Structure formats: structure tokens, C-alpha cells
Amino acid sequence: HLSYLGAPLSYLWLSTTAPALVAEEMGRAFDAGARRLWMVNAGDIKPAEVNLSHWFELAWQPAAVRAEGQPAWLRGLAARWFGPALGDEVGAIWDQAYRLNFERRPEHLQSPAPADMAQRLARFARLLASLDAVRPRVAKAQRGAFFQLVDYPLRAAALANARFFALERYAATM
């Protein structure tokens with residue numbers, strides 16, 4: 001599932017399923033003999049373009065994509081979509097965003113300990129600083145795609161965390 005609607009918890013908004021998880025799960029299916037038919041629940045295609053690109057490449061070249069791993073695959077995709085000069089930086093941003101959202105999806109936030117809350121928000125702040133450093137170097141023709149594929153998902157996840165944890169801190173003072 002790249003997106004999911006149902007029990008126990010839905011996740012439809014930002015397509016935060018890590019490519020590494022998809023490669024692991026589909027790798028198991030491939031190793032068990034699934035060669036003719038793979039299915040994916042993508043829900044809305046627009047927020048899942050990175051995930052779907054990974055899915056299709058994995059389906060056509062399972063051994064190569066699995067061997068490449070998530071960080072390298074994301075760097076390669078970023079270089080193809082935003083140019084070689086930005087590939088490493090955008091790929092690293094994507095990789096860290098997927099890792100952070102794998103720990104706790106924006107749709108599934110829960111109350112961690114205050115230290116964990118601060119650490120999580122600091123990790124998002126570092127990612128946003130990296131994002132802000134890259135954005136001015138994105139070619140004008142690619143700015144819309146960059147916003148939709150990189151900027152918005154990361155910024156929205158960071159803001160969802162900040163909102164949720166601010167509410168938790170506020171509720172704790174009542």
C-alpha cells in the first residue's frame with residue numbers, strides 16, 4: 001500500500017511509504033516466485049509519483065533496484081528529474097524525509113516523550129534548512145515539480161508534526 005484507507009489507521013495524504021519498505025516487501029514476493037503479477041494500492045496518483053516511479057522500476061528490474069538501495073535510488077531519481085547538480089542533495093532530503101516519516105507518519109502522530117518530540121522537530125528543522133538551501137538552485141522550469149514532489153510533502157509533514165506537538169504541549173499545561 002502506497003496509500004491506505006481502512007482500519008486500523010489510514011494514510012492517504014503525503015505518500016510517505018518508504019521505497020526501502022516497498023523494495024523489502026516486494027523483494028520477498030519476488031524471492032517467493034511472484035513474477036507475473038504485482039499490484040499496488042496507490043490511491044491518488046499525484047502525491048505518489050516518487051513511490052510509483054520506484055514501484056515500476058522495481059517491477060521491471062527487481063535485482064538492480066533492490067541492490068541499489070533507497071538512498072542511491074532516490075539520488076538517481078532526483079538527478080533525472082532535477083538535474084545532476086541537485087541529485088545528491090534532493091536525494092538525501094527525500095531519503096531522510098522517508099526515514100523520518102517511516103518512524104511516525106504525519107497521519108499517525110502520537111504523544112512521544114518531550115525529549116523525543118524536541119528531537120523529531122529538530123530533525124524536521126534540519127531537513128527544512130536543507131530544502132531551503134536547495135530551492136533557489138532549482139531551474140525555473142522545474143520549480144512547480146520541485147514544489148509538488150519535494151517542498152510540499154516535507155514542509156507539510158514538518159508542519160503537521162509541529163501542530164500536533166504544540167497541541168500536546170498546550171494540553172499538558174491545562
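**Helices and their contacts in a predicted model**

Residue A129 is located in helix α5, which covers residues 114–134. The structure that contains this helix is a predicted model. With a relative accessibility of 48%, A129 is classed as partly exposed, because this class lies between the limit of under 20% for buried residues and that of over 50% for exposed ones. A comparison of sequence and space is instructive here. A129 and F82 are separated by 47 residues in sequence, and their C-alpha atoms lie 18 Å apart.

Helix α5 has a partner in helix α4. The axes of α4 and α5 come within 10 Å of each other and cross at roughly 160°. Angles over 145 degrees count as roughly antiparallel, and α4 and α5 are therefore roughly antiparallel to each other. The crossing of these two helices is left-handed. On the α4 side, the residues that take part in the contact are L86, E89, V90, I93, Q96, A97, L100, N101 and E103. Their counterparts in α5 are R120, R123, F124, L127, S130, L131 and V134.

One residue of this contact, N101, may be examined in more detail. N101 belongs to helix α4. Is N101 buried or exposed? Its relative accessible area is 5%, so N101 is buried. When neighbours within four places in sequence are set aside, N101 is in contact with T16, P106, R120, F124 and A157. Two of these, R120 and F124, are also among the α5 residues that meet α4.

The account now turns to the segment before α1, where S15 is placed. Most residues other than glycine have a negative phi. S15, by contrast, is a residue other than glycine with a positive phi, near 55°. S15 also counts as buried, because its relative accessibility is 8%.

Helix α1 itself comprises residues 19–31. Its 13 residues should span 18 Å at 1.5 Å a residue, and the end C-alpha atoms are indeed 18 Å apart, so the two values agree. Within α1, the buried residues are P19, V22, A23, M26 and G27. Why do they lie on the same side of α1? They cover an arc of only 130° around the axis, which puts them on the same side of the helix. A general property of helices is useful at this point: an α-helix has 3.6 residues a turn, so residues three or four places apart point the same way. The buried residues of α1 are covered by elements that include α2, α3 (62–82) and α4 (84–103). After α1 comes G33, whose phi is positive, near 110°.

Helix α2, one of the elements that cover α1, consists of 12 residues, 49–60. From its first C-alpha to its last it reaches 17 Å, which is close to the expected 16 Å. Its buried residues are V50, N51, L52, S53, H54, W55 and L58.

Finally, α2 also meets α3. The axes of α2 and α3 come within 10 Å and cross at roughly 140°. The two helices are therefore oblique to each other, and their crossing is right-handed. From α2, the residues involved are E49, V50, S53, H54, E57, L58, A59 and W60. They meet P62, V65, R66, W73, L74, L77, R80 and W81 in α3. Among the α2 residues in this contact, V50, S53, H54 and L58 are also buried.

Definitions and conventions. Residues numbered from 1 in each chain as written. Predicted model: local features only at pLDDT ≥ 70, side-chain atom pairs only at ≥ 80, totals over all residues. Heavy atoms only, no water. Helix = DSSP H or I, 4+ residues; strand = E, 2+ residues; numbered from the N terminus. Expected span 1.5 Å × (residues − 1). Buried < 20%, exposed > 50% of the residue type's maximum accessible area, 1.4 Å probe, protein only. Arc of directions from axis to C-beta. Contact = heavy atoms within 4.5 Å. Axes fitted to C-alpha atoms, helices over the stretch in contact; angles between N-to-C directions. Parallel < 35°, antiparallel > 145°, perpendicular 65-115°, else oblique. Left-handed = near helix turned anticlockwise from the far one by under 90°.
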